[in-house]
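Biologist: Could you take a close look at one part of this model for me, the framework and the side-chain contacts around it? I'd like the cut-offs spelled out as you go.

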Amino acid sequence: MKSRLLCLLGPTAVGKTEIAIQLAQRLNAEIVSVDSRQIYRQMDIGTAKPTAEEQQAAQHHLIDCVDISQTFSVADYQSLADTAIADIQNRGKQVLLVGGAGLYFRAIVDGLFEGPGADPLLRERLDQEAAQQGVDVLHERLRACDPASADRIHPNNLVRVIRALEVYELTGIPMSQHQQQWHQGSQRYPFIAFCLTMPRALLYRRIEQRVDVMLANGLIAEVESLLVAGHARDTTALRSFGYKELIAYLDGKCTYLEAVEQLKRNTRRFAKRQLTWFRGDTRIESVDRNSTPDIFTFLSGKIGDV
């Protein structure tokens, strides 16, 4: 029997890193990042990547392991995560999964949704439609046939929007229904999982404050440096929130204030989708940071002897 994984999940800006480091130090654990953007090198400020000091305080894995221009799939992530988990466990340490990427979390603990194979012609057609009509048109089409997937997939994540539409067109069944098979098979790892939450208004204030801090710390300069280095604007990494809004500003498509407001709005919406994902998994226990004075002691008591 593999030793149980500990999982600290939750929306962006809820404060996972600070608590995770305390838990890692207390439990002789190493952290495996469950984040779809912190995997990329050179994207530090906009992804709220743990600082060098935080990474020294607790060993982190799956951060800075992929180049921005590199094609990277959930299957690639699963493979890297399995390797990291085996390495940590073989050295007699505890694994602590920390992050907010629900799909990556499920890939580790439940495996991958296989689904139908790729249809190159269908994907090409959908890609052309996105180029001609806009990604929002495809996302609205997805919402009509698979609202659950549309709620989880950001409109600008063209790769995932196209895949969800592809699954529906090939099978006639929404991808969200296919993914329910995750609960029907056996788990890949035993685990105990907590989702940190807080009142929505407080979380949104923290998100807006975090964006302000990122900008003060040089987020625009970080985005400029990525473009100067020759990274394409349409790569998956640079289409994510925190980057695409400022690229639009640098390209003269909006004002600075408009870009900042859009960034804050997109981050709030992202956090809402994260909460929806984790609340939909009954195996994850929600813990309200705001109503739990000593959250570290509370979680330590919940975990007990691992």
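Modeller: Here is a walk from the framework out to the side-chain contacts, with a stop at the loops.

Before anything else, this is a predicted model, where local features need pLDDT of at least 70 and side-chain atom pairs count only at pLDDT 80 or more, while totals for chains, interfaces and linings use all residues. Numbering starts from 1 along each chain as its sequence is written, and side-chain values use heavy atoms, with hydrogens and water left out.

Let's start with the sheet. The 6 strands form an open sheet in the order 3-2-4-1-5-6, with parallel pairing. Strands here are DSSP runs of E with at least two residues, helices are runs of H or I with at least four, and both are numbered from the N terminus. Two strands pair if DSSP finds at least two bridges between them. In general, strands of a sheet pair through backbone hydrogen bonds, either parallel or antiparallel. At the edges sit strand 3 (60-61) and strand 6 (284-288), each pairing on one side only. Strand 2 (residues 29-34) runs parallel to strand 4 (residues 94-99), and 6 bridges link the two. One concrete partnership: Val 34 has Gly 99 of strand 4 as its bridge partner.

Helix 1 (residues 16-27) packs on this sheet and touches strand 1 (5-9), strand 2, strand 3, strand 4 and strand 5 (191-197). Contact means heavy atoms within 4.5 Å. The direction of helix 1 makes about 180 degrees with that of strand 4; the axes are lines fitted to C-alpha atoms, for helices over the stretch in contact, and angles run from 0 to 180 degrees between N-to-C directions.

Between helix 1 and strand 2 there's a loop that holds Asn 28. Asn 28 isn't a glycine, yet has a positive phi of about 55 degrees. That's worth a glance, because most residues other than glycine have a negative phi. Asn 28 is partly exposed at 42% relative accessible area (under 20% is buried, over 50% exposed, partly exposed in between, with a 1.4 Å probe and protein chains only). Asp 64 also has a positive phi, near 60 degrees; this residue lies in the loop between strand 3 and helix 3 and is partly exposed at 34%.

Now the rings. Rings of Phe, Tyr and Trp (its six-membered ring) pair if their centres lie within 6.5 Å, with planes under 30 degrees apart called stacked, over 60 edge-to-face and the rest tilted. By that rule there are 4 aromatic pairs. Tyr 77 and Tyr 104 count as stacked because their ring centres are 4.1 Å apart and their planes sit at 20 degrees. Tyr 77 belongs to helix 3 (residues 74-90) and Tyr 104 to helix 4 (residues 102-109), so the pair ties together parts 27 residues apart in sequence. Tyr 77 is buried at 0% relative accessibility, and Tyr 104 is buried at 8%.

Tyr 249 and Tyr 256 make an edge-to-face pair, 5.6 Å centre to centre with 70 degrees between the planes. Tyr 249 is partly exposed at 28%, as is Tyr 256 at 32%. One more ring contact: Arg 37 lies over the face of Phe 241, 4.0 Å from the ring centre. The rule there is NZ of Lys or CZ of Arg within 6 Å of the ring centre and within 35 degrees of the ring normal.

Last, the charges. The whole structure has 21 salt bridges, each being a side-chain nitrogen of Lys or Arg within 4 Å of a carboxyl oxygen of Asp or Glu. Arg 283 and Asp 110 form one at 2.7 Å, N to O. Arg 283 is in the loop between helix 13 (256-279) and strand 6, while Asp 110 is in the loop between helix 4 and helix 5 (120-133), so this bridge ties together parts 173 residues apart in sequence. Arg 283 is partly exposed at 25%, whereas Asp 110 is buried at 10%.

Arg 125 has a salt bridge to Glu 129 at 3.0 Å, N to O. Glu 129 and Arg 125 are 4 residues apart in helix 5, so about one helical turn separates them. Glu 129 is buried at 14%, and Arg 125 is partly exposed at 34%. Arg 125 also bridges to Glu 169, with the closest N and O atoms 2.7 Å apart. Glu 169 sits in helix 8 (residues 158-171), so that pair ties together parts 44 residues apart in sequence. Finally, Glu 30, Asp 87, Arg 91 and Lys 93 are joined into one network by salt bridges that share partners.
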